[in-house]
Amino acid sequence: MSEPARTPFVASLPEAAALARLPGSEIAWLEAARRENLDAVAAAGLPDTRVEAWKYTALRALAQRSFAHGDAQAATRAVDAAALVLPGVDGPRLVFVNGAFRADLSALERLPAGLSLRPLSQALREDAEGLRFALSHRYREAGDAFARLNAALAGDGVVLRVAANTQVAAPVHLLFLGAPAEGDLAWHLRNIVELEEGAELALVEHHAAAGAQKHLATVVGDVVLRDGAKLDYAIVQDAAEDATLIRRSQLRLGSRAQASLHVQELGGALVRHDLRAELAGDEARFVSNGVFALHGRQHVDTQLALRHAALNTASESTWRGVADQRSRGVFRGAIVVAEGADGSDASLSSKNLLLSALAEIDTKPELEIYADEVKA
């Protein structure tokens with residue numbers, strides 16, 4: 001048996017039979033994808049720093065931990081009402097506690113016309129075939145352990161769709177709460193967001209703590225903007241001090257689509273965000289602004305990858321970091337201008353400040369250009 005299979009993390013993975021308890025387990029294509037991804041995690045374990053994507057983020061300590069997957073008591077865990085409030089955000093709200101949907105804490109009454117907002121577990125019952133493309137994905141890269149884990153074990157999440165030419169006035173609030181529990185838990189959420197042609201939406205993704213805990217959470221999201229759609233997307237990450245949070249966000253922009261992304265990384269002990277955006281349609285526009293403010297022994301790793309794949313696309317990314325005490329920040333910003341993406345305009349700025357001689361920030365800019373008449 002290989003070394004990864006002997007780590008406590010891998011040993012604590014559920015058996016394949018446990019997949020039968022997840023929503024949608026009766027769907028053959030979904031069960032097959034879950035089993036393949038779970039087998040891949042069990043065989044390969046967690047990546048080490050020899051894998052380029054994880055060069056600055058060691059997972060040795062995490063590999064030595066064991067987790068119970070899922071929280072059987074999540075539906076009844078008490079949550080302070082103050083944890084549900086984010087100033088200035090008072091639109092529809094979907095709440096998850098330790099990965100479980102909480103209808104009693106959500107606000108789904110009187111959704112505006114043209115907005116569909118459901119937990120994934122409900123969407124699987126009502127329209128599983130419409131989710132097939134997103135949920136049947138097999139992850140192949142060496143650094144994809146957590147995406148595979150999420151694909152195998154996510155039983156819930158968000159399915160949000162905005163109809164063509166619909167403008168949703170109030171921001172939609174997606175709240176993911178980690179709450180105290182007996183022992184360390186692992187929970188996994190899968191989010192699917194789609195804006196049809198000409199649709200407009202403000203979206204707030206909020207990671208917060210309802211008390212001290214050391215859970216592991218993985219969140220994978222696919223965001224698709226059809227032609228002419230506009231998205232204002234804010235991510236506020238303020239997880240518990242000892243929590244581990246691993247995310248992957250993938251955005252795809254159609255022609256003339258516009259996405260503005262604003263990210264705050266504040267909490268957590270080990271936090272990773274793999275953020276990928278593809279400007280797939282002519283004249284697509286993507287703007288991202290991010291900041292991390294770290295203290296103690298926090299470790300926050302952002303992997304930003306932008307791909308210009310069409311004519312006359314533009315991206316502007318501004319990221320800032322501050323690290324104090326013994327904390328460590330990592331930022332990789334990669335831009336690829338693909339062949340045929342003539343007229344692309346891409347800019348990336350990363351500036352950082354160390355407040356302690358023991359703090360560390362690693363930055364890695366990358367630029368690849370395969371087209372003509374490019375400004376980067």
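**Figure 1. Accessible surface of the protein chain in a predicted model.** The protein chain has an accessible surface of about 16,100 Å². Carbon and sulfur atoms hold 49% of this area. Positive charges number 39 and negative charges 49. The mean positions of the two sets lie 4 Å apart.

**Figure 2. Overall dimensions and fold of the protein chain.** The C-alpha trace spans about 55 × 55 × 40 Å along its principal axes. How does the radius of gyration of the protein chain agree with that of a compact globule? For 376 residues, such a globule would have a value near 21 Å; the protein chain has 20 Å, so the two agree. The secondary structure consists of six helices and 19 strands. Among contacts with a separation of 6 or more, 86% join residues 24 or more positions apart. Buried residues make up 52% of the 376 in the protein chain.

**Figure 3. The largest nonpolar core.** This core holds 54 residues. Which of them touch the most other members? They are Leu160, Val172, Leu201, Leu203, Leu251 and Phe286. Apart from this core lies another, of 22 residues. Val10, Leu13, Leu19 and Phe67 are among the members of that other core. In soluble globular proteins, nonpolar side chains tend to be buried together.

**Figure 4. Surroundings of Leu251.** Residues up to four places away in sequence are not counted here. Leu251 touches Val223, Tyr233, Ala259 and Leu275, among others. The contacts of Leu251 also include Arg276, Ala277, Glu278 and Phe286. Both Leu251 and Phe286 belong to the group in the largest nonpolar core that touches the most other members.

**Figure 5. Helix 6, residues 145-153.** Is this helix largely enclosed or open? Nine of its nine residues are buried, so helix 6 is largely enclosed by the rest of the structure. The buried residues include Ala145, Phe146, Ala147, Leu149, Ala151, Ala152 and Leu153. Arg148 and Asn150 are buried too.

**Figure 6. Ala170 in its loop.** Where does Ala170 sit? Its place is in the loop between strand 5 (156-162) and strand 6 (172-178). Ala170 has a relative accessible area of 28%, so it counts as partly exposed. That value falls between the limits of 20% for buried and 50% for exposed. Not counting residues up to four places away in sequence, Ala170 touches Gly91, Pro92 and Ala202. Glu194 is 24 residues from Ala170 in sequence. In space, the C-alpha atoms of Ala170 and Glu194 are 17 Å apart.

Notes:
Residues are numbered from 1 along each chain as its sequence is written. This is a predicted model: local features need pLDDT of at least 70, side-chain atom pairs count only at pLDDT 80 or more; totals for chains, interfaces and linings use all residues. Side-chain values use heavy atoms; hydrogens and water are left out. Helices (H or I, at least four residues) and strands (E, at least two) are DSSP runs, numbered from the N terminus. The radius of gyration is taken over C-alpha atoms; the globule rule is 2.2 Å times the number of residues to the power 0.38. Buried means under 20% relative accessible area, exposed over 50%, partly exposed in between (1.4 Å probe, protein chains only). Contact means heavy atoms within 4.5 Å. Accessible areas come from the Shrake-Rupley method with a 1.4 Å probe; for residues, only the protein chains shown count as cover. Lys and Arg count as positive and Asp and Glu as negative; His and the chain ends are not counted. The place of a charge is taken as NZ of Lys, CZ of Arg, CG of Asp or CD of Glu. A nonpolar core is a set of buried Ala, Val, Leu, Ile, Met, Phe, Trp, Tyr and Cys residues joined through side-chain atoms within 4.5 Å.
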